[in-house]
Amino acid sequence: MAPARSALPHRALGRTGREVSVIGVGTWQLGADWGDVSEEDAAAVLAASVDAGVTLFDTADVYGDGRSEQIIGRFLAARPGRGVVVATKMGRRDEQRAENYTAENFRTWIDRSRRNLGVDTLDLVQLHCPPTAVLEDQRTFDALDRLVDAGAIAAYGASVETVDQGLSVLRRPGLTNVQIIINPFRLKPLDEFLPAAADAGVAVFARVPLASGLLSGRYTTATTFSAADHRSYNREGQAFDRGETFSGVDFETGVAAAAELAGALPEGVSLPAASLAWTVAQPGVTAVIPGARTPAQAAANAAAASSLDAPEAYAAFDAAVHDVYDRRLRHAIHAQW
């Protein structure tokens, strides 16, 4: 018998007819690049998420070279009927050049993810932050439409780095969702992208909602990370887009900004909970997908959606978010992404 779930709100997954919880779980950390996580610990995180009412797992074929997908596949196979939507991503197994995004490669990548996850049809496949030329090429979406028609995937979307990329894909009629960085340190999507996505009936997944942990409120300027952690090796974009690490925010600046935001919260509300609740509250956001490395973190993430339910608490934090962003971050962040 499945355990009772919390009353975690759900929102429509675009035009698919399915719904997903407003808090999902990102599983990059279950594959690689955040230090070592055992499969037992990973399964415990997934179990805590599902028990808390989470019905959205976000993964990718490159997270641990497929390890994250495999862990999810084994977990769900042992617990059928949970109603979880698995959103995976493809496109980073080869060099990030437009000519590699072919229909043949799409099928190869998707077939591998189907094997990893142990399913015939993938729930949702997202292009994994490809070059802009791929997002602007009609052949990309023709190939994805054929994969839907063939039953290999049920739906498709795109994960993007910039607002301009997000806006460009909204015009694709078969698009289910866009995944983009939104958090109190990344406000540009609020201006134009979120209203446009809502008008288009496209779901939005807000990724990196805690700015790679900066919005946990636990870090100081003396905090260090392991050599295998992207927060060590990608601070200047050495391995992939710099915006994926700390949302592109300079670490020391982010520590100071996080401390200021924490000071604007009422007693009993943590900064990560407020950051997740604030992101969920943005009109046009379907779900946020924070990572978790422990069951306690997973449960806390799921509970965060209601942490700013009092209108006055939300208003005070929202005002602080915009003030801190304008003073400390806008000049370095807004134009880039």
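## Getting to know the model

Colleague: Let me start with one residue: what does Asp-65 count as at 48% relative accessibility?
Modeller: Buried means under 20% relative accessible area, exposed means over 50%, and partly exposed lies in between (1.4 Å probe, protein chains only). With its 48%, Asp-65 therefore counts as partly exposed.

Colleague: Thanks! What kind of model is this?
Modeller: Residues are numbered from 1 along each chain as its sequence is written, and side-chain values use heavy atoms, leaving out hydrogens and water. Local features need pLDDT of at least 70 and side-chain atom pairs count only at pLDDT 80 or more, while totals for chains, interfaces and linings use all residues, since this is a model that was predicted.

Colleague: What is the mean pLDDT of the protein chain?
Modeller: pLDDT is the predictor's confidence in each residue, from 0 to 100. Over residues 1-6 pLDDT stays under 50, and the model has 13 contacts (heavy atoms within 4.5 Å) for them beyond four places in sequence. In the protein chain, 97% of the residues reach 70 or more, and the mean pLDDT is 94.

Colleague: Which residue forms a salt bridge with Asp-65?
Modeller: A salt bridge is a side-chain nitrogen of Lys or Arg within 4 Å of a carboxyl oxygen of Asp or Glu. For Asp-65, the closest N and O atoms of the pair are 3.2 Å apart, and the partner is Arg-112.

Colleague: How many residues apart in sequence are the parts that this pair ties together?
Modeller: Helices (H or I, at least four residues) and strands (E, at least two) are DSSP runs, numbered from the N terminus. Arg-112, buried at 17% relative accessibility, belongs to helix α4 (residues 103-117). Asp-65 lies in the loop between β4 and α3, so the parts tied together are 47 residues apart.

Colleague: How many salt bridges does a search of the whole structure find?
Modeller: One of them joins Asp-137 to Arg-139, with the closest N and O atoms 2.8 Å apart. Another is where the side chains of Glu-236 and Arg-242 meet, at 3.8 Å from N to O. Salt bridges that share partners also join Glu-260, Asp-323, Arg-327 and Arg-328 into one network. The search of the whole structure finds 18.

Colleague: Which strands stand at the edges of the open sheet?
Modeller: Two strands pair if DSSP finds at least two bridges between them. The open sheet has eight strands with parallel pairing, in the order β3-β4-β5-β6-β7-β8-β9-β10. Two of these have a single partner strand each, so one side of each is left without a neighbour in the sheet: β3 (25-26) and β10 (287-288).

Colleague: And how many residues of strand β8 are buried?
Modeller: β8 pairs in the parallel sense with β7 (residues 156-159) over four bridges, and with β9 (residues 203-207) over five. Strand β8 (residues 175-181) is largely enclosed by the rest of the structure, because its buried residues number seven of the seven.

Colleague: Which way does the β-α-β crossover from β7 to β8 turn?
Modeller: Between β7 and β8, the bridge partner of Tyr-156 is Leu-175. The chain crosses from β7 to β8 through helix α7 (residues 163-169). A crossover is right-handed if, with the strands pointing away from the viewer, the path from the first strand over the helix to the second runs clockwise. This crossover is right-handed.
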